[in-house]
Amino acid sequence: MVIAIIGILAAMVFPVFARARESARKAVCLSNIKNINLAIQMYLSDYDDMFPPREHRQEVLDYFAGTPGGGDNLMEDGSCNPTKVSQANPFLRPPVILDPYVRNRDVWRCPSARLEGGPGVIVDPSYAGGWLGYWQYWQGSWGTGKDIEGVCWTAWPPGWGGTVTDTMLQNMSADGAPGAFTMGIMANFHWENAESKLGWIDDPAWYISVCDAGARTDSVLYSELAYPDTCIAGCAGPGCWEADWSNCTWTQACGATAEWKNDPQARAASTRHLGGVNIGFIDGHAKWFAAQAVLNESPRYACGCWGGGLVYGKLRGGRVPYPTSSAGKPEWGVDAGLCPSADCDIPCLY
């Protein structure tokens, strides 16, 4: 009888302890985001409210205009995509730029993160021509090594990959290396605003500067922001016709089951911080947001399988997911709550 009573009491108390522990982790994460936000404000102050630069060297632009390793480096008009080119420069990563202000890379880690991202390719600048020479030398190896996906989204300088100093030569990804730098918090202020002024941003109190994130360490979908530890969240919400929701072990292993896709209560259980996430904004403040509040305040496409009218919520700084999700106002010609076209067969996430 005594053992049974102890067991009942323990079952009642353990959830309280779990929430208390998570509340502490949530506070640590929010403190980290505030520190990163402070570093951003210090950087902007030092550079006359100007966001970090883009890559301008003509030889670099000419090289990537040839779409080495794939065709996603070009804009629709055939010009070289400055965002992709800047991502290829490992020294233009937001955490690298902010390192002199942050001084402690542990602030980029959320203690509650179950998925983390970070450097995939460590670029050795000792090659002739520096980091560009490195990519030119190894161009034929992009996509062939272990977890080496290519130039975009992955390149970081030495020192950010632990013992890894040249991932092409070592045929490995820095993410799995001893001491490799990983993050569960993502800097989001750079790519869309390079070389722009702080004053050019409309309503900076709603423009995301840094936030909870999972495997993606650059720009993030709003649905991924709401559920950062579900690695296929952007696909799981407003439509996914590639994943096998019933039988795919990869989909289920990262939390995106068929139940997750269709049941808001199941999604609520997979949030990072007690039903929500921490977000910092470019005006300097930071706060906790419920996951559903993130979805409610995010922009979305209002009609059609692959686009339509872009209906803005208050949040800025993330990427709008494809296909569409329910949204709209009569003045835009879209009824509120309208789901995508019927032939898409896509259940609404929000």
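Visitor: Which residue lies over the face of F289?

Guide: K287 does, at 4.9 Å from the ring centre. Keep in mind that this is a predicted model. R105 lies over a ring as well: the face of W160, at 3.7 Å from the ring centre.

Visitor: How many aromatic pairs does a search of the whole structure find?

Guide: The search gives 13 aromatic pairs. A pair of rings is described by the distance of the centres and the angle of the planes. Take Y127 and Y134: their centres are 5.2 Å apart, with 80° between the planes. That pair is edge-to-face. Y134 has 0% relative accessibility, so Y134 counts as buried.

Visitor: How are the rings of W156 and F181 arranged?

Guide: Their centres are 5.8 Å apart and their planes meet at 50°, so this pair is tilted. The pair links distant parts of the chain, 25 residues apart. W156 sits in strand β2 (residues 155–156). F181 sits in the loop between α6 (167–170) and β3 (185–187).

Visitor: Are W156 and F181 buried or exposed?

Guide: W156 counts as buried, at 0% relative accessibility. F181 is buried too, with a relative accessible area of 4%.

Visitor: Which residues do ring pairs link into a cluster?

Guide: The cluster holds Y127, Y134, W135, Y137 and W138. Look at Y137 in helix α5 (residues 130–137). Y137 has 58% relative accessibility, so it counts as exposed. Y137 and Y127 are 10 residues apart along the chain. Their C-alpha atoms are separated by 8.4 Å.

Visitor: Now the strands. How do β3 and β4 pair?

Guide: They pair in the antiparallel sense, over three bridges. One residue to find is I185, whose bridge partner in β4 is D212. Strand β5 (residues 276–281) also joins β4 through three bridges, and these two run antiparallel. There, the bridge partner of V210 is G280 in β5.

Visitor: Why is β4 largely enclosed by the rest of the structure?

Guide: Count its buried residues. In strand β4 (residues 208–212), five of the five are buried, so the strand is largely enclosed.

Visitor: How many disulfides does the count come to?

Guide: Zero. The test is a pair of cysteine sulfur atoms within 2.5 Å. For C110, the closest cysteine sulfur is in C29, 3.6 Å away, which is too far for a bond. For C211, the closest is also in C29, at 9.6 Å, again too far. C110 is buried, with a relative accessible area of 3%. C211 is buried at 0%.

Visitor: What does the largest nonpolar core contain?

Guide: In soluble globular proteins, nonpolar side chains tend to be buried together. Here the largest nonpolar core has 35 residues. Those with the most contacts inside it are I36, L98, W108, W156, I185 and I282. The elements that give two or more residues are α1 (2–46), α4 (94–102) and β3. α1 gives the most, with eight residues.

Visitor: Which residues does I185 touch?

Guide: Leave out residues up to four places away in sequence. Then the contacts of I185 include C29, I33, I36, W108, C110, V210 and C211. So I185 ties together several parts of this tour: the bridge to D212, and contacts with the cysteines C29, C110 and C211.

Visitor: What does the second, separate core include?

Guide: That core has 20 residues, among them V220, W260, V277 and F281.

Conventions
Residues are numbered from 1 along each chain as its sequence is written. This is a predicted model: local features need pLDDT of at least 70, side-chain atom pairs count only at pLDDT 80 or more; totals for chains, interfaces and linings use all residues. Side-chain values use heavy atoms; hydrogens and water are left out. Rings of Phe, Tyr and Trp (its six-membered ring) pair if their centres lie within 6.5 Å; planes under 30 degrees apart count as stacked, over 60 as edge-to-face and the rest as tilted. Buried means under 20% relative accessible area, exposed over 50%, partly exposed in between (1.4 Å probe, protein chains only). Helices (H or I, at least four residues) and strands (E, at least two) are DSSP runs, numbered from the N terminus. A charge sits over a ring if NZ of Lys or CZ of Arg is within 6 Å of the ring centre and within 35 degrees of the ring normal. Two strands pair if DSSP finds at least two bridges between them. A nonpolar core is a set of buried Ala, Val, Leu, Ile, Met, Phe, Trp, Tyr and Cys residues joined through side-chain atoms within 4.5 Å. Contact means heavy atoms within 4.5 Å.
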